[in-house]
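Trainee: I would like to learn how to read a structure, one feature at a time. Can we work through an example?

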Amino acid sequence: MPKPFEQPIYVTRPFLPSLDEFSKGLQEIWTNGWLTNNGPVLQRFQKELCHYFDTENLCLFNNGTLALQIALQGLRLSGEVITTPFTFVATTHALYWNKIRPVFVDIELEHYTLDPAKVEAAITPWTTAILAVHVYGYPCRLQELADIARRHKLLLLYDAAHAFGVTVDGRSIGSYGDLSMFSFHATKLFHSLEGGMLMFSNPNLKKLFDYLKNFGFENELEVVMAGTNAKMNEVQALLGLQVLGHLEGIISRRKQIDATYRSRLASIPGVQIPSLPADNVRYNYAYFPVEIDEQAFGMSRDALYAALQKYNVFARRYFYPLVSDFACYRSLSINDPLAAAKRVSRRILTLPIYDALALQDVERICECIETICPNFKGKNGSAKTLLPDDRHVSPELTIR
Ligand code: T4K
């Protein structure tokens, strides 16, 4: 039986440049005496991102949620927006804050993104846009959604919070649709401590978003619209710039972790791993989700989640509950039964993945899962023990 980890293993840990590298950057900020409000480091970060994404049409924010709220506000969207319930609450909250009615439709079972057929069926005269999510960095059905949006004259927006670094057919995922929002939160593979970015196809939006994130200031004397404060500061920009320099290494390290999980978990009954995206996608390995089939595994997803904690492994149930089940959205009338989303939300578990996670620790996490799994027979064909300390075992678990 594997020993519990000495230190907690979280679902993610932020990549951090060396303190030395960061202090050198801070030195410049200290010398400048310029901490926020479109400072020189932010301008450099923005320039690097324009180069990385090969576009001038992007805008930086202090977090992804405000970026999305401002996008919806700037686009003057109203009425209904079709979206997914299988996401982080911020996607829906951004609609709510703009007094837009979220219309939840179901996801596909393969990669958990919006089901285009369900989207089309949900369109009404009040629909103004589709807000789809590249959940876990898996690209949505880009072509199908674009066709629907074009046919029905809807805006197509993507919550690409998880999708930094993903390309499809050699193009950044952010170049699809009318607009994409990226989150640079500390829990993301690319981050700027906190932060967010909008990338859009219409170049006229840049000025609008710049006004909206800075109180609507044109200059000292003129305020041209009722903006808010959603600016990224210099320290965020510095960290973002430095993490960007390490991005390729971060993604390739995650790829190794993903491969290790795939090979080790394949023999555990009831652990279902979504396939990697198609060959035309350059994936970023943002998360490592698995589905637990309760019957085949021998216990529920929730029991496994709890049992892993006895080993000091803190996997997460992203995204359970569904957003549509949270108290603030429960009263919405939902026509779609959301059968796939409900099923996935009940079964999903996201396992730890981050660049500093050692491959032997990934092996050890898999060994913990083998040991916990009542139906895993092991190399010698015998069933195994369950938990390191059975005093804490929930009644749901059976000790063998
Ligand atoms: N759309 C989608 C689809 C999103 O997933 C998100 C954010 C957004 C929009 C909104 O973007 P932002 O406004 O956040 O830029 C986390 C993040 O806070 C959130 O950004 C993220 N999605 C969501 C999926 O995950 P929690 O509540 O799970 O975070 P927390 O604090 O429990 O952190 C998870 C684990 O990460 C911890 O157990 C340990 C580790 N951790 C976390 C932090 C903050 C660290 O090791 N160091 C840290 O500094 O929401």
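Trainee: In which strand does Ser 172 lie?

Mentor: Keep in mind that this model is predicted. To place a residue, find the helix, strand or loop that holds its number. Ser 172 lies in strand β8, which covers residues 171–172.

Trainee: Is Ser 172 buried or exposed?

Mentor: Compare its relative accessible area with a cut-off: buried means under 20%. Ser 172 has 15%, so it counts as buried. Its side chain also has a polar atom 3.0 Å from the backbone nitrogen of Gly 174.

Trainee: Now the ligand. How many residues surround the ligand, and which are the closest?

Mentor: Begin with the shell of residues, then look at single atoms. Here 24 residues surround the ligand, and the closest are Arg 13, Thr 65, Asp 159, His 162 and Tyr 318. By class, the shell has 9 nonpolar, 11 polar and 4 charged residues. Helices α3 (64–74) and α4 (89–97) and strand β9 (179–183) each supply at least two residues of this shell.

Trainee: What distances separate ligand atoms from N or O atoms in the side chains of Thr 65, Asp 159 and Tyr 318?

Mentor: Take one pair at a time. An oxygen atom of the ligand is 2.5 Å from such an atom of Thr 65, and an oxygen atom of the ligand is 2.4 Å from one of Tyr 318. For Asp 159, the ligand atom is a nitrogen, at 2.6 Å. As for cover, the ligand taken alone exposes 920 Å², and the protein buries 77% of that. The ligand sits in the largest pocket.

Trainee: Which peptide bond that starts at Tyr 318 is cis?

Mentor: Read the omega angle of the bond. From Tyr 318 to Phe 319 the bond is cis, with omega near 10 degrees. Another cis bond joins Tyr 320 and Pro 321, with omega about -5 degrees. Phe 319 is in the loop between β14 (313–314) and α12 (339–347), and Pro 321 is found in the loop between β14 and α12 too.

Trainee: What is the phi of Tyr 136, and what is the phi of Leu 193?

Mentor: Look at the sign of phi and at the residue type. Tyr 136 is not a glycine, yet its phi is positive, about 60 degrees. Leu 193, also a residue other than glycine, has a positive phi near 75 degrees.

Trainee: Where are these two residues found?

Mentor: Tyr 136 is in the loop between β5 (127–133) and α6 (142–151), and at 0% relative accessibility it counts as buried. Leu 193 is in the loop between β9 and β10 (196–200). With a relative accessible area of 42%, Leu 193 is partly exposed.

Key:
Residues numbered from 1 in each chain as written. Predicted model: local features only at pLDDT ≥ 70, side-chain atom pairs only at ≥ 80, totals over all residues. Heavy atoms only, no water. Near = heavy atom within 4 Å. Polar contact = N/O pair within 3.5 Å; in protein donor to acceptor, adjacent residues only side chain to side chain. Areas by Shrake-Rupley, 256 points an atom, 1.4 Å probe, with all protein chains shown as cover. 1 Å grid on protein atoms, 1.4 Å probe; cavity = no way out; pocket = protein on both sides within 12 Å on 5 of 7 lines; lining within 4 Å. Sits in = over half its atoms within 2 Å of the grid points. Helix = DSSP H or I, 4+ residues; strand = E, 2+ residues; numbered from the N terminus. Nonpolar A, V, L, I, M, F, W, Y, C, P; charged D, E, K, R; others polar. Buried < 20%, exposed > 50% of the residue type's maximum accessible area, 1.4 Å probe, protein only.
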